[in-house]
Amino acid sequence: FARLDAHWDINKKHGLRLVVAPLEVSGTGELRDDTDFAGETFPAGATEGTYKFNAYKLTYRYTFRDRGPWQWRVGFTGFIRDANIELRQGALQANDDDLGFVPALHLSGEYRFGDRWLFELDFDGLAGGPGRLFDVALKLEYDLTEQWRIGAGYRMLEGGADVDEVYNFAWFNYAVVSGVVRF
């Protein structure tokens, strides 16, 4: 999966970051029992499904440590989720989509081990009430120029909600390729 990061440094300590991180997976599985979903009843048996969870994140972050090869930031992320779950059995089809806002705390760290190379840890998360969100990325990155950076690594996205309207929890682990532009 791909990810695009855009960074705006207001000054040396304060910055904004915009992240676009699409996610969509499809597969086939077996329903053990009849299942009510999005106004339809799916009989037990083979079922196709698609799970989409596109994330758009805007983060304010403050650099609280910038010494030697280490840089650490803390902040707040406004997380817009564009989610859609779809089930299909032949001509029977139903989907449940949801566009919503999730506030999250932010923590990120960088360790530079060369002029252009660095490791990055990026965490956005919050738990409590009826749900939770944990979005963690570990990446190896390379500065192409002062403005452009590329990277690759691992991302874990876990969370969901348990409310009257929906019960949905998911846990995804996958490789990520990223491009970063700084303004």
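The questions and answers below concern a predicted model of one protein chain.

In this predicted model, local features need pLDDT of at least 70 and side-chain atom pairs count only at pLDDT 80 or more, while totals for chains, interfaces and linings use all residues. Residues are numbered from 1 along each chain as its sequence is written, and side-chain values use heavy atoms, with hydrogens and water left out.

Me: How many helices and how many strands does the protein chain have?
Reply: Helices (H or I, at least four residues) and strands (E, at least two) are DSSP runs, numbered from the N terminus. Counted in this way, the secondary structure of the protein chain comes to zero helices and 12 strands.

Me: In which strand is Lys57 found?
Reply: The strand that holds Lys57 covers residues 45-67. In the numbering of the chain, this is strand 6.

Me: Is Lys57 buried or exposed?
Reply: A residue is buried under 20% relative accessible area, exposed over 50% and partly exposed in between, using a 1.4 Å probe and protein chains only. Because the relative accessible area of Lys57 is 1%, this residue counts as buried.

Me: Which side chains make polar contacts with the side chain of Lys57?
Reply: A polar contact is a pair of N or O atoms within 3.5 Å; within protein, one must be able to donate a hydrogen and the other to accept it, and residues adjacent in sequence count only if both atoms are side-chain atoms. One such contact, of 2.9 Å, joins Lys57 to Asp124, and another, also given as 2.9 Å, joins Lys57 to Asp135. The side chains asked for are therefore those of Asp124 and Asp135.
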